[in-house]
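Load the model in your viewer and keep the sequence panel visible. The stops below go from the whole chain to single residues.

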Amino acid sequence: MKLSDFDFDLPERLIATRPARPRSSARLLLARGDAIEEILIGEVAIGDRLVIRHGDVTPADGRIASGVAVLDESTLTGESLPVRKQTDAVAAGTTIFDRTNMAYKSTIATYGRGRGVVVATGMDTQIGRIA
């Protein structure tokens, strides 16, 4: 077989007839007003208030606003032990390893609960900058 034997138009014809589907069907909880809402991860926006619970995967980078949680950041930092997160301010210029008031996209809550404000989504997150 040679390259000219392949029908390169076939994928375009298939794509044109394929129905649109959501980018992700994964859901998360957000605090909006006094209510807790469940939304698709792709709908998270800067300024949204995340609800962080044991077992949740963090969908975006966020500043911890209340509560205490322990997050597994190994996907981002390579640290083998989970990190305790809390609301106390940290000094400007603090390295990512020492930002104890931030939750990062793709990290997993291993203990506790809290709420945070989304500060970055998608490719603007710490993990997105690596990709």
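Helices (H or I, at least four residues) and strands (E, at least two) are DSSP runs, numbered from the N terminus. The model is predicted, and local features need pLDDT of at least 70, side-chain atom pairs count only at pLDDT 80 or more, and totals for chains, interfaces and linings use all residues. Residues are numbered from 1 along each chain as its sequence is written, and side-chain values use heavy atoms, with hydrogens and water left out.

**Whole chain**

Colour by pLDDT, the predictor's confidence in each residue, from 0 to 100. The chain averages 82, and 81% of the residues score at least 70. Now select residues 1-11, where pLDDT stays under 50. The model gives this segment 3 contacts beyond four places in sequence; a contact means heavy atoms within 4.5 Å.

Switch to a cartoon. There are 3 helices and 7 strands, in the order α-β-β-β-β-α-β-β-β-α along the sequence. Among contacts with a separation of 6 or more, 57% are between residues 24 or more positions apart.

Turn on the surface. The accessible surface is about 8600 Å², and 55% of it belongs to carbon and sulfur atoms; such areas come from the Shrake-Rupley method with a 1.4 Å probe, and for residues only the protein chains shown count as cover. Of the 131 residues, 31% count as buried. Buried means under 20% relative accessible area, exposed over 50%, and partly exposed in between (1.4 Å probe, protein chains only).

**Strand pairing**

Select β7, residues 108-120. Which strands does β7 pair with through 5 and 11 bridges? Strand β3 (residues 49-53) runs antiparallel to β7 and is joined to it by 5 bridges. Strand β4 (residues 61-72) also runs antiparallel to β7, with 11 bridges. Two strands pair if DSSP finds at least two bridges between them.

To follow the β3 side, label V51, which stands opposite R115 in β7, and then I52, which stands opposite G114. On the β4 side, label G62, which stands opposite V118 in β7. Add β1 to the selection: β1 and β3 pair in the antiparallel sense over 2 bridges, and L30 has L50 in β3 as its bridge partner. In a regular strand the side chains alternate between the two faces of the sheet.

**The nonpolar core**

Show side chains for the largest nonpolar core, which has 13 residues. A nonpolar core is a set of buried Ala, Val, Leu, Ile, Met, Phe, Trp, Tyr and Cys residues joined through side-chain atoms within 4.5 Å. L28, V44, L50 and I52 touch the most other members. The elements giving two or more residues to this core are β1 (27-32), β3, β4 and β7, and the largest share, 3 residues, comes from β4.

Centre on I52. Beyond four places in sequence, I52 touches I64, A69, L71, A103, A109, G112, R113 and G114.

Move to G114, in strand β7. Is G114 buried or exposed? G114 is buried, because its relative accessible area is 12%. Outside four places in sequence, G114 is in contact with L50, V51, I52, S66 and G67. Draw a distance from the C-alpha atom of G114 to that of A69: the two residues are 45 apart along the chain, and the separation is 6.2 Å.

**Q86**

Select Q86, in the loop between β5 (83-85) and β6 (102-103). Q86 counts as buried because its relative accessibility is 12%. What does the side chain of Q86 make a polar contact with? The partner is the side chain of T100, at 2.6 Å. A polar contact is a pair of N or O atoms within 3.5 Å; within protein, one must be able to donate a hydrogen and the other to accept it, and residues adjacent in sequence count only if both atoms are side-chain atoms. A polar atom of the Q86 side chain also lies 2.5 Å from the backbone nitrogen of D88.

Beyond four places in sequence, Q86 touches I64, G67, T100 and N101. The C-alpha atoms of Q86 and R63 are 9.3 Å apart, with their positions 23 residues apart along the chain.

**T125**

The last stop is T125, in the loop between β7 and α3 (126-130). T125 counts as buried because its relative accessibility is 0%. A polar atom of the T125 side chain lies 2.8 Å from the backbone oxygen of G122. With residues up to four places away left out, T125 touches A60, D61, K105 and A120.
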